[in-house]
Each structure stands twice: as C-alpha cells, then as structure tokens.
Amino acid sequence: EEVIEDTGMNPYDTPMEIQTTLNTNTQDVLNSLNNGDLYKFRNNVVQVGIAITDVNNGSVAAIDGGRNQTGERAFSRATQMKTQPGSTAKPLFDYGPLIEYNNASTGTYFFDEPMTYSNGQSLKDADNKYQGMETMRTALSNSRNIPAVQAFQQLDKDKIASFVHSLGIDYGDYLYESCAIGGFDGVSPLQMSAAYAAFARGGYYIEPYTYTKITFKDSNDITEQKPKKTKVMSEETAYMINSILMTAQSHNVGGNFSISGTDIAAKTGTSTYDYNALKTLGVPLSASRDNWNITYSPDYVISLWYGYDKLTKEYYTDSNVAAGDRKRIMAAIAKKIYKTNSRFAKPSGVVSVEVEKETVPLMLASDNTPADMKMTELFKSGTEHTEVSNRYQTLDNPT
C-alpha cells in the first residue's frame, strides 16, 4: 500500500525490487504468537493487532494484523484499525504537554478527589475510589483518571492539539476533555507505536515506513525512502516521561518481565462500551472494548491491541481478565524481541532533586525532614525549587 501511494505503481503489475524494513527475526516472534507457540489464546475469535517500530530509524520492524488471517492484503488491525486508545493517551494529551509547556516535574502534585468535567459530567476511575494527594509519577504510573484530566485542564488546548498532531495522532474535529483519558476513536497500533517512539528517541517523531529502496526492473530507476525526523518535544520532556513509565513497568504494568541491563517503559489502556449496548446484549458492565499494552526500550516500541472485532453476548473481554491476558501476551513476545543492555541517556537538562513530600509548591527537604517524607524527582534544569521546607524545625532547648 505504501509503495502504491508513493509511486503510483502496483508491485503486482510493475516489475520492481523492494527493500523492506522487515526484521525477520522479530516478525517470526509474532508469527509464533499467532501459531499458538508462545501463548495459548482463549479461543479462535479473540484478536490482536501488533505493530513494532524501530526507535533508531522509525521503520516498521514487524506487523501482526490479526490471528487466523486468510487471503492476501486482508484487513490489518495493526495499521487500519481506528479505535480508542484509553489510558495510553495520557502521556500524549496530558503529562507530556504539561512538562513541555508548563514546566511540570515528575513530582508535581495532583488531587485525586471527586470532580467533574467542565460541563458537569461525572468523572471516575475504574475502582470508584480516590487516592488523594499524589505526584505525577504516582498518578501516571497508576493511571488515575482524575489527575490526568486535571493536567489536561491546566493546558492551553491549542498546545495540546499541536503536541498530539505532531505525534501523528488525529482525535477528530474537536478536542474534548474526554480525550485526556483516551475517549475518542481514531488510532491504530502502528500510530501509537510511532507516537511513543518519540519519547524513546528523545523527542523526535518519525512517520513510520515499510521500505527503504525501490528499484524498477525495466528502467533501473531508483526510489529511496527518506524518513523525516521532526523534533516535537524537548529531550527533557521525553526523558521525564520515560522515567515515569519505567516506574510503571517496575510495578509490572506492562507485564511480568525484565530484560538484562535494559530500560523498559510501559503504559496500558482500556476503553469501555456504552452502557445501553451492554444492557441490550445482556453483557456484564465489566466488559472492555479495547485492551492496550505499549512497552518500549531504547531499541523498539511494541504496541499491542487485544480484544474482539464485534461485541456479542458470547464473545467479549472482561476488563480485569483482559488486563492479565495482555500482560502475558506482551511478556511472551517482549522477552524475545528486546535487546539487552540498552539504557535511556539522561539529558544534561534534567536534574534530580530531593524534595519534601506533600509540599505545594514542592520545597527542598530540610536537615530535619524524616527519611520517609523525602522523595527524589526530576525537574527541567532551572525550574527546580530552591526554598527549603520549614515544616520540620529544630526546637530551641527547653528551659
């Protein structure tokens, strides 16, 4: 499809040699997954869409358009699906822009407490609970909805729009607050893989591509793919998001796996069905529509969608059960794909500062601050706070 779009010629009709970006070893892993060699799927109906992009050059390394596919050029869930990203939208719409434009730190506090959207519509988390005061690192690692919307509301909408569009994401004609938690149709696994790759490569976006060179047999003319690398955010913003999502993966958010000497970041996402649709079919309210797992290292981004093409009374994913399924699928393939000993380089423009918990704005820990009230968080250099907290003071000698 990409060759036809770029050259106007069909490889079925025009003799040509195409040098693709396919990594055969990585593709073999996805083929093994679909064959049932790496993971036993619940049935033959549940589907996956997986896109793996190369962080170094932005190319598409492997594609899984779905299980039990027959025929050539069949529908690819990896590239042609347009569905909801759920909480995988949070680094793109909320926290990434808040760091980039508002100089937030990984320790910036939010208040996970009862709130509504600006139009008065209720807003809750899946557990119907509130966590109170929590940092960006905690809020994003635990994927809380209310802090995400609070971050969104602090931003200029035009800046959010610019940020996500520069990452290849189209949310539609209007930027609703619900976009903060992925409440819009319009993304594919490939788009999400390419968007997250911008964090992995220090703030540069590359539109994904599948070939490097075409040689036309009859004329020996050559067409080469020249990927465009566009700076879409600062390296400081990218690294700080990486750091938070590495914290998330340390809690097994992306799956119970680790790669020797390699930094792994992870974000998951879930979307739900309309209440009336579930009620009409007699499907439990815990049913999920889209189940996402995105993990990445300095080498590859693996973007996984898991679910059913169509909601029926017999076939649907339960959000809690699917959360376990997507982790096991990711672990099964990630352990065979990621390279060892790869680290994200910390930019000189990011500083680690020891601050005192529960201070707003954040203040430096004092000599008397108890150890359990200290935390070390990341700031853009020059934006870190310099005032020392006086919360814990030394008393004068009693008389």
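This report describes two helix pairs, four buried residues and some backbone features of a predicted model.

## Two helix pairs

Helix α2 covers residues 24-34 and helix α10 covers residues 319-337. The two pack at an angle of about 155°, and their axes are 10 Å apart. Because angles over 145 degrees count as roughly antiparallel, α2 is roughly antiparallel to α10. The crossing of α2 past α10 is right-handed. On the α2 side, the residues that meet the other helix are Thr-26, Val-29, Leu-30 and Leu-33. On the α10 side they are Ile-329, Ile-333, Lys-336 and Ile-337. By class, the residues of this contact of α2 with α10 divide into 6 nonpolar, 1 polar and 1 charged.

The second pair is made of helix α7 (residues 189-200) and helix α8 (residues 235-250). Here the packing angle is about 105°, with the axes 7 Å apart. Angles of 65 to 115 degrees count as roughly perpendicular, and α7 and α8 are therefore roughly perpendicular to each other. From α7, the residues Tyr-196, Ala-198, Phe-199 and Ala-200 take part, and they meet Ala-238, Ile-241, Asn-242 and Leu-245 of α8. The contact of α7 with α8 has 7 nonpolar residues, 1 polar residue and no charged residues.

Leu-245, a residue of helix α8, can be followed further. Is Leu-245 buried or exposed? Its relative accessible area is 0%, so Leu-245 is buried. Apart from neighbours within four places in sequence, Leu-245 is in contact with Pro-91, Leu-140, Tyr-196, Ile-264, Ala-265, Ala-266, Lys-267 and Tyr-296. Tyr-171 is 74 residues from Leu-245 in sequence, and the two C-alpha atoms are 23 Å apart in space.

## Three buried residues with polar contacts

Thr-53 lies in strand β2, which spans residues 47-54. With a relative accessible area of 2%, Thr-53 is buried. Which side chain makes a polar contact with the side chain of Thr-53? The partner is the side chain of Ser-193, at 2.7 Å. Leaving aside neighbours within four places in sequence, Thr-53 has contacts that include Ser-59, Val-60, Ala-61, Leu-190, Ala-194 and Ala-197. Pro-208, Asp-299, Tyr-300 and Val-301 are also among the residues in contact with Thr-53.

Asp-290 is part of strand β13 (residues 287-296). Asp-290 is buried because its relative accessible area is 2%, while buried means under 20%. Its side chain makes a polar contact with the side chain of Thr-83 at 2.5 Å. A polar atom of the Asp-290 side chain also lies 3.5 Å from the backbone nitrogen of Gln-84. Beyond neighbours within four places in sequence, the contacts of Asp-290 include Gly-269, Thr-270, Ser-271 and Trp-305. Tyr-306 is another residue in contact with Asp-290; the two are 16 residues apart in sequence and 6.5 Å apart in space, C-alpha to C-alpha.

Thr-106 is located in the loop between α3 and β4. This loop residue is buried, with a relative accessible area of 0%. The side chain of Thr-106 reaches the backbone nitrogen of Leu-378 at 2.8 Å. Outside its neighbours within four places in sequence, Thr-106 is in contact with Thr-135, Met-136, Arg-137, Met-240, Ile-244, Glu-377 and Leu-378.

The table lists the polar contacts described above.

| Side chain | Partner | Distance |
|---|---|---|
| Thr-53 | side chain of Ser-193 | 2.7 Å |
| Asp-290 | side chain of Thr-83 | 2.5 Å |
| Asp-290 | backbone nitrogen of Gln-84 | 3.5 Å |
| Thr-106 | backbone nitrogen of Leu-378 | 2.8 Å |

## Backbone features in loops

Most residues other than glycine have a negative phi, and most peptide bonds are trans. The residues below depart from these patterns.

Arg-73 has a phi near 55°, which is positive, and Arg-73 is not a glycine. It sits in the loop between β3 (60-64) and α3 (90-102). Arg-73 counts as exposed because its relative accessibility is 52%, and the limit for exposed is over 50%.

Asn-103 also has a positive phi, about 55°, although Asn-103 is not a glycine. Its place is in the loop between α3 and β4 (109-112). With 38% relative accessibility, Asn-103 counts as partly exposed.

Where does a cis peptide bond occur? A cis bond joins Val-360 and Pro-361, with omega about -5°. Pro-361 belongs to the loop between β16 (350-356) and β17 (374-380).

Note on methods. Residues numbered from 1 in each chain as written. Predicted model: local features only at pLDDT ≥ 70, side-chain atom pairs only at ≥ 80, totals over all residues. Heavy atoms only, no water. Helix = DSSP H or I, 4+ residues; strand = E, 2+ residues; numbered from the N terminus. Buried < 20%, exposed > 50% of the residue type's maximum accessible area, 1.4 Å probe, protein only. Polar contact = N/O pair within 3.5 Å; in protein donor to acceptor, adjacent residues only side chain to side chain. Contact = heavy atoms within 4.5 Å. Axes fitted to C-alpha atoms, helices over the stretch in contact; angles between N-to-C directions. Parallel < 35°, antiparallel > 145°, perpendicular 65-115°, else oblique. Left-handed = near helix turned anticlockwise from the far one by under 90°. Nonpolar A, V, L, I, M, F, W, Y, C, P; charged D, E, K, R; others polar.
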